[in-house]
Amino acid sequence: MPEARGGTKSSHWRRCLVVITAVLLLVVIAVLVIVAVRQNRPTPPNLKFGIVLDAGSSHTGLFIYQWLAEKMNDTGVVRQRDSCSVKGPGISSYWADVEQAGLSLRDCLNEAKRSIPVEQHRETPVFLGATAGMRLLRSQNSSQAEKLLQAVEAFIHSYPFDFQGAQIVTGADEGAFGWITINYLMGNFLQDMAGPHETVGALDLGGASTQITFVPDGEIESLDNSMHFRLYGKNYEMYTHSYLCYGKDQALKMFLQKLGVSANGTVFNPCFNEGYEKSINVSNFFTSPCTPMPPWTTHQTLRVIGTGNSHQCRDHVRQIFNQSSCAWNQCSFNGVYQPHVWGKYGAISAFYFVMKFFNMDKEKVSLDEVKVAVDKFCSTPWDQAKNEYKIKEKYLSENCFSGHYVLILLVDGYNFTSSTWNNIQFMKKIGGSDAGWTLGYMLNRTNMIPAELPRPKPMSKASYLSVMIIFSLLSFCWSSVCLYSGGRFADRDRRIWRRDLI
Ligand SMILES: Nc1nc2c(ncn2[C@@H]2O[C@H](COP(=O)(O)OP(=O)(O)OP(=O)(O)O)[C@@H](O)[C@H]2O)c(=O)[nH]1
Ligand SMILES: [Ca+2]
């Protein structure tokens, strides 16, 4: 009888073992199936596209971006696919013939049609953002600015894209979206999540305005200069200011306006190389609100003669910056509040063009070295400069002024010093995408930057394979152990049974 009880116990244990094994195997199989289904969901390369037209004061650029649809809310996935530089001046120059403004975009829009697959045209959003040139035109003649934008809109509507309209971007948005672009392309929002990592400030020098944007290391005193963003689960309080009229072209006009004119209509310009001369038509030249017609001239044409005097050039350029009053704890110039600059900066557009010309866009170049290079160029006679540098004559002739202007804006204006100069990185592109406000603008308009962190993704291919292999091995081992133990119990039972029979 005891043996019979032993036999019942062992068969009960065997049944339990079989049930446990079966349940475990079912669980393992269920897990494997779930993981396999999640992991192998069909993921065709679903490319999406977006177009932004940067209608600047001096020229228009078209940028085509692309991203994978399923990754649109991740940081750093949108990349520039293509870009096209519109021939001719900025759209605001067409104020007297607004139809031409739209037509000027034709070649680039056609190029965009060729670059983006036909089946994607209808769902590709197109944005046009106009900056300081249109801000100036609006301040002079708002109905003309409106007509111009409407003409441009009508033209873009004739294309098969999903056009979202033409807008004049505010100076604050221009600064903020430039900051977002730079930090997005540098991957700073991602790194920020992993630990303490500062964002990079943005310095943009255009033709008609310039922007400075950064996250200060203290409170922002002036609400007008403060912007709040919540990106990927983190709050950013940034300082931004856009100086209308302080773009490179308008600043040159303000500077020329401050130079005296002789009785015969000659202007001696220390910021043009010696031997350089040009005539300017007064009524065509002093047209913007930045430079109302100067009271001192009765001449229709002025003869501007370069004297190439770097020292005098510097003194005259300083005069367009008013440092006399500040109603805040600290200011940049013209009484504008600005917290002290700290951390790293990306300097784009004309900051880059000018520093590149002087070969001073490299890291570790000191402020003194830049000053020396600018002085050297300013004292180069015009004929020699033309032989040495094979670039557009307009840019070459303005580079002595531009060099001084960039230095004075950054040092006297924004208060960078010899020791903080190396925190500025002069840049054009970041990993193949142009550094400008357009990408940040598109990310914002398409809600592609979430306020909160995106939910974690299903595991990577490597982790998936590891899980599959580990689970398979475990289930194999477990089954083998069970079968082996089951066999041993069966043998023992058989032996007991045989003994009972004997
Ligand atoms: N030296 C030099 N200057 C350039 C070059 N390309 C453009 N510029 C000038 O640099 C300045 C800034 O150019 P952009 O950034 O395109 O200016 P923008 O966007 O038209 O002007 P905003 O509306 O004020 O932003 C303008 O004065 C241009 O004429 C270049 O290759 N070399
Ligand atoms: Ca610009």
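This report walks through a predicted model, from its nonpolar core to its ligand shell and a few single residues.

## The core

Start with the largest nonpolar core. It has 112 residues. Ile51, Val152, Ala347 and Phe351 have the most contacts inside this core. Helix H14, residues 393-413, gives the most to the core, with eight residues. Domain 2 (47-199 + 428-445) and domain 3 (248-426) both contribute residues, so the core lies between them.

Take Phe351 as a case. Setting aside residues up to four places away in sequence, Phe351 touches Leu203, Leu205, Val406 and Phe426.

## The shell around ligand 1

Now turn to the ligand. Ligand 1 is surrounded by 21 residues. The closest are Gly56, Ser58, Thr131, Gly206 and Ser349. Three helices each supply at least two residues of this shell: H4 (132-140), H8 (248-258) and H11 (350-357). Helix H11 provides the largest share, four residues.

What kinds of residue make up the shell around ligand 1? Seven are nonpolar, twelve are polar and two are charged. Domain 2 and domain 3 each give at least three residues to the shell. Both domains also give residues to the core.

## Positions listed by UniProt

An unreviewed UniProt entry lists Gly207, Ala208, Ser209, Thr210 and Gln211 under "binding site". Under "active site", the unreviewed entry lists Glu174. Where do some of these residues sit?

Gly207 lies in the loop between strand E6 (201-205) and strand E7 (209-214). Beyond its neighbours up to four places away in sequence, Gly207 touches Gly56, Ser57, Ser58, Gly247, Lys248 and Asp249. Two of these names are already familiar: Gly56 and Ser58 are among the residues closest to ligand 1.

Thr210 lies in strand E7. With residues up to four places away left out, Thr210 touches Asp204, Leu205, Tyr243, Tyr246, Gly247 and Leu409. Leu205 is also one of the contacts of Phe351.

Glu174 belongs to helix H6, residues 171-185. Not counting residues up to four places away in sequence, Glu174 touches Thr131, Val169, Gln211, Ser242 and Trp437. Thr131 is among the residues closest to ligand 1. Gln211 appears in the "binding site" list of the UniProt entry.

## Ser226

Ser226 is in strand E8, residues 226-231. Leaving out neighbours within four places in sequence, Ser226 contacts Ile220, Glu237 and Tyr239. How far apart are Ser226 and Thr287 in sequence and in space? They are 61 residues apart in sequence and 32 Å apart in space, C-alpha to C-alpha.

## Buried or partly exposed?

The table gives the number of other C-beta atoms within 10 Å for four residues.

| Residue | Other C-beta atoms within 10 Å | State |
|---|---|---|
| Gly207 | 22 within 10 Å | buried |
| Thr210 | 31 within 10 Å | buried |
| Glu174 | 30 within 10 Å | buried |
| Ser226 | 16 within 10 Å | partly exposed |

The reasoning needs a cut-off. A residue is buried if 20 or more other C-beta atoms lie within 10 Å of its own, and exposed if 12 or fewer do. Gly207 is buried because it has 22 such atoms. Thr210 is buried because it has 31. Glu174 has 30, so Glu174 also counts as buried. Ser226 has 16, so Ser226 counts as partly exposed.

Key:
Residues are numbered from 1 along each chain as its sequence is written. Chains are lettered from A and ligands numbered from 1 in the order in which they are written. This is a predicted model: local features need pLDDT of at least 70, side-chain atom pairs count only at pLDDT 80 or more; totals for chains, interfaces and linings use all residues. A nonpolar core is a set of buried Ala, Val, Leu, Ile, Met, Phe, Trp, Tyr and Cys residues joined through C-beta atoms within 7 Å. Domain bounds come from an automatic or database domain assignment. Two residues are in contact if their C-beta atoms, placed from the backbone, lie within 7 Å. A residue is near a molecule or strand if its C-beta atom, placed from the backbone, lies within 6 Å of it. Ala, Val, Leu, Ile, Met, Phe, Trp, Tyr, Cys and Pro count as nonpolar, Asp, Glu, Lys and Arg as charged, and the others, Gly among them, as polar. UniProt positions are given in the numbering used here, feature names are shortened, and annotations may be inferred rather than shown by experiment.
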